[in-house]
Amino acid sequence: MKSLVLERKDELSLRDFPIDKDEEVIGPRDVRIKLHTVGICGSDVHYYTHGRIGPFVVNEPMILGHEASGTVIETGSDVTTLKAGDRVCMEPGIPDPNSKATRLGMYNVDPAVRFWATPPVHGILRPTCVHPEAFTFKLPDNVSFAEAAMVEPLAVGVHAATKAKIKPGDIAVVLGAGPIGLVTALSALAGGCARVYVTDLAEKKLEIAESLSPAIVGVDAGKESLVDRIKADTDGWGCDVVFEATGSPKAAAGVFEPLAPGGCVVMIGGQSEPIAYDAGAAMIREARVENIFRYAHVFPRCVAMLSSGTIDVKPLITRTFDFAESVRAFEIAASAPAGDVKMQIELPQ
Ligand SMILES: [Zn+2]
């Protein structure tokens with residue numbers, strides 16, 4: 001079976017691709033997984049359209065995809081928690097288990113981390129992969145492969161909500177109604193927020209946001225001042241948390257404006273250039289600022305919340321393609337249709 005290969009910027013092909021032999025050898029603590037569903041991430045699309053993200057440059061053909069679920073087909077000799085036939089989702093970043101970052105409990109910022117579809121590491125739009133048991137999570141029967149492939153982006157929102165230290169009844173603002181903004185809004189509600197305002201310029205995206213929960217309020221940033229709205233709704237006090245999920249320098253420059261004294265700003269959206277940061281506005285609020293990079297060990301929480309119904313990601317999955325249509329799926333994703341949140345690809349079983 002074929003793999004989806006980014007040959008170079010703007011060129012994808014579905015073809016046989018020889019994977020390095022070492023990568024296919026199953027170690028005692030590894031499992032072999034047959035891939036089932038893979039989500040198309042903004043980063044996959046960015047490598048396709050730009051050939052790079054910051055310092056990571058596609059210099060050689062690379063298989064795309066990192067948001068995945070599948071079925072275990074083989075286990076290493078020392079694997080105890082998984083067996084052939086188990087349905088699973090996989091965490092795509094593998095740190096060095098002996099690194100200082102890992103030992104300090106923040107393996108996501110380990111400089112040695114190997115993350116799927118981040119050059120030179122291949123992604124998983126391919127028939128099978130070998131993955132450590134420790135980064136492979138068994139799915140309850142009531143969590144579908146499609147929902148499980150949403151755990152990776154959801155993990156970003158859950159990590160952000162965790163860093164914000166949300167308290168029950170908090171009011172939050174999420175800047176940006178893209179997939180990450182929406183999973184962050186759902187995570188903030190799951191963390192106890194009474195209300196989450198989501199702001200964007202695209203009306204269709206705000207409609208989707210509001211459809212997720214009666215506690216989500218869409219604010220069209222092109223028509224209404226977010227700061228005025230928050231001030232009006234909080235007797236002038238402001239919101240407890242602002243999540244920046246646009247990656248836009250302009251939006252990021254205003255992150256402190258709607259924030260209440262003692263509030264928290266969490267920077268999520270990737271910023272490729274230095275951004276304006278109003279230290280004075282942060283200071284007069286004694287604002288706490290958190291930055292996140294992916295996530296660290298929140299996959300089990302995400303799976304538990306999908307299973308219990310605390311979080312429902314199904315409305316975010318707006319289109320599903322057969323693997324044979326992968327190239328077309330990426331062309332459509334690159335055109336960023338306003339009515340789509342997450343597109344997924346299903347591999348033949
Ligand atoms: Zn992703």
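1. Two strands are taken to pair if DSSP finds at least two bridges between them. In this predicted model, strand β13 (residues 171-175) and strand β16 (residues 239-244) run parallel and are joined by four bridges. Within this pairing, valine 174 has phenylalanine 243 of β16 as its bridge partner.

2. Strands β13 and β16 belong to an open sheet of six strands, ordered β15-β14-β13-β16-β17-β18, in which the pairing is parallel. At the edges of this sheet stand β15 (216-220) and β18 (288-291), each of which pairs on one side only. From one strand to the next, the twist averages 20°.

3. Helix α8 (residues 226-233) packs on the six-stranded sheet and touches β13, β14 (195-200), β15 and β16. The direction of helix α8 makes about 165° with that of β14.

4. An open sheet of three strands is also present, with the order β2-β1-β6 and antiparallel pairing. Because β2 (11-15) and β6 (62-63) each have a single partner strand, one side of each is left without a neighbour in the sheet. Five bridges connect β1 (residues 3-8) with β2 in the antiparallel sense; opposite serine 3 stands arginine 15 in β2. Helix α12 (residues 326-334) packs on this sheet, where it touches β1 and β2, and its direction makes about 155° with that of β2.

5. Turning to internal space, how many cavities of 30 Å³ or more does a search of the whole structure find? The search finds one. The largest cavity holds about 50 Å³ of space. Its lining consists of Glu91, Gly93, Tyr107, Asn108, Val113, Phe115, Arg294 and Tyr295. By class, four of the lining residues of the largest cavity are nonpolar, two are polar and two are charged.

6. The second largest pocket contains about 330 Å³ of space. Its lining comprises 13 residues, and those nearest the centre of the pocket are Glu23, Ile94, Arg114, Val130 and Pro132. Two or more lining residues come from each of α1 (21-24) and β11 (128-132). Which element gives the most to the lining of the second largest pocket? Strand β11 does, with four residues. By class, the lining of this pocket has seven nonpolar, five charged and one polar residue.

Technical notes
Residues numbered from 1 in each chain as written. Predicted model: local features only at pLDDT ≥ 70, side-chain atom pairs only at ≥ 80, totals over all residues. Heavy atoms only, no water. 1 Å grid on protein atoms, 1.4 Å probe; cavity = no way out; pocket = protein on both sides within 12 Å on 5 of 7 lines; lining within 4 Å. Points joined across faces, edges and corners; volume = space filled by probe spheres on them. Nonpolar A, V, L, I, M, F, W, Y, C, P; charged D, E, K, R; others polar. Contact = heavy atoms within 4.5 Å. Axes fitted to C-alpha atoms, helices over the stretch in contact; angles between N-to-C directions.
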